Amino acid sequence: MGSQLNTSVPTRFPGGKNTTAEKLLVAASELMIERSSIEVSLSDIAQKSGVNAALVKYHFGNKDGLLLALLARDAATEMTQLEYLLAQPIAPTAKLKLHIAGIIKAYYQFPYMNRLIHFLLHESSAEAADEVSKFFVAPLLDFHRRLLAEGIRAGEFRDVDPVLFYTSLIGACDHLFFGRHAMSRATGVGPVTDEVCRQYIRHIEALICGGMLKERIGSGE
């Protein structure tokens with residue numbers, strides 16, 4: 001029998017970055033960014049962190065547990081920012097545009113995030129998929145429900161289904177990174193750069209807002 005997955009995901013660690021668990025997460029994150037891949041071994045993570053590989057089992061159960069904790073750590077900041085955004089005294093349309101930019105920038109900042117999500121949802125254990133749904137999918141979908149409802153009440157948004165909205169926005173943001181290798185082979189496009197990120201934010205903002213904002217009375221063509 002293999003090591004059991006530790007589903008008690010630690011998103012914060014006492015003592016800051018000096019803890020062993022945090023060192024392992026930082027090392028895993030840096031390696032994935034350096035290699036543009038989530039295929040990193042425990043020995044590589046241990047060597048980079050200066051921590052014995054055996055301690056992965058102690059802190060996370062196994063490698064999948066470490067990957068789950070890494071995604072939870074990165075997602076925690078984003079979820080907190082969603083609540084902050086929703087509480088701001090600005091128009092729903094402004095919140096929507098900030099959210100679109102924030103999601104794309106989060107994927108850009110953590111380029112391994114989308115691959116981790118796909119792996120943990122579809123290629124790991126049922127327990128890992130449940131955890132990802134709890135700390136990433138469900139909170140994000142709930143935020144979309146509340147933001148859309150606010151926009152509808154304000155008369156700014158059409159009546160848009162939150163699940164379809166989530167699928168459209170997250171799918172579009174995800175594919176910029178997840179499908180980049182396929183597009184590179186087919187069209188010769190390069191990697192996602194700062195400029196590509198800015199262009200994509202403007203592009204998705206135009207697509208989403210163009211499709212769901214109500215036309216203002218008296219506005220011309």
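**Helical architecture, burial and a pocket in the predicted model**

The secondary structure of the protein chain amounts to 10 helices and 0 strands. The model is a predicted one. Along the sequence, the chain follows the pattern α-α-α-α-α-α-α-α-α-α. Of its 221 residues, 43% count as buried. Among contacts between residues at least 6 apart in sequence, 70% join residues at least 24 apart.

Helix α2 spans residues 42-49, and its buried residues are Ile45, Ala46 and Ser49. Viewed down the axis of α2, these buried residues fall within an arc of 100°, so they line one face of the helix. An α-helix has 3.6 residues a turn, so residues three or four places apart point the same way. The cover over the buried residues of α2 includes helices α1 (20-35) and α4. After α2 comes Gly50, which has a positive phi near 75°.

Val51 belongs to the loop between α2 and α3 (55-60). With a relative accessible area of 10%, Val51 is buried. When residues up to four places away in sequence are not counted, Val51 touches Thr20, Lys23, Leu24 and Ala46; of these, Ala46 is itself one of the buried residues of α2. Val51 and Ala21 are 30 residues apart along the chain, and their C-alpha atoms are separated by 9.2 Å.

Two buried residues of helix α5 were examined individually. Lys95 lies in α5 and is buried, its relative accessible area being 2%. Not counting residues up to four places away in sequence, Lys95 touches Leu85, Leu86, Gln88, Ile90, Leu147 and Glu150. His99 is likewise located in α5 and, at 2% relative accessibility, counts as buried; the cut-off for this class is under 20% relative accessible area. Leaving aside neighbours within four places in sequence, the contacts of His99 are Leu82, Leu85, Leu140, Phe143, His144 and Leu169. Leu85 is thus among the contacts of both Lys95 and His99. Between His99 and His144, 45 residues apart in sequence, the C-alpha to C-alpha distance is 9.7 Å.

Helix α5 also contributes to the second largest pocket, which has a volume of about 210 Å³. This pocket is lined by 14 residues, of which Glu78, Gln81, Leu82, Gly102 and Ile103 are the closest to its centre. Helices α4 (63-86) and α5 (92-109) are the elements that give two or more residues to the lining. The largest share, 7 residues, comes from α5. By class, the lining of the second largest pocket comprises 10 nonpolar, 3 polar and 1 charged residues. Leu82, one of the residues closest to the pocket centre, is also in contact with His99.

A search of the whole structure for aromatic pairs finds 1. The pair is formed by Phe110 and Tyr112 and is tilted, with 6.2 Å centre to centre and 55° between the planes. Phe110 and Tyr112 are both buried.

Partly exposed positions were examined in helix α6 and in the loop that lies between α6 and α7. Leu121 is found in α6, which covers residues 113-122. At 29% relative accessibility, Leu121 counts as partly exposed. Apart from residues up to four places away in sequence, Leu121 touches Ala129, Val132 and Ser133. The C-alpha atoms of Leu121 and Ser133 are separated by 8.1 Å, the two residues being 12 residues apart along the chain.

Ser124 is placed in the loop between α6 and α7 (126-153). Its relative accessibility is 22%, so Ser124 counts as partly exposed. With neighbours within four places in sequence left aside, Ser124 is in contact with Asp64 and Phe119. Ser124 and Gly65 are 59 residues apart in sequence, yet 9.9 Å apart in space, C-alpha to C-alpha.

Technical notes. Residues numbered from 1 in each chain as written. Predicted model: local features only at pLDDT ≥ 70, side-chain atom pairs only at ≥ 80, totals over all residues. Heavy atoms only, no water. 1 Å grid on protein atoms, 1.4 Å probe; cavity = no way out; pocket = protein on both sides within 12 Å on 5 of 7 lines; lining within 4 Å. Points joined across faces, edges and corners; volume = space filled by probe spheres on them. Helix = DSSP H or I, 4+ residues; strand = E, 2+ residues; numbered from the N terminus. Nonpolar A, V, L, I, M, F, W, Y, C, P; charged D, E, K, R; others polar. Phe/Tyr/Trp six-rings, centres within 6.5 Å; stacked < 30°, edge-to-face > 60°. Buried < 20%, exposed > 50% of the residue type's maximum accessible area, 1.4 Å probe, protein only. Arc of directions from axis to C-beta. Contact = heavy atoms within 4.5 Å.
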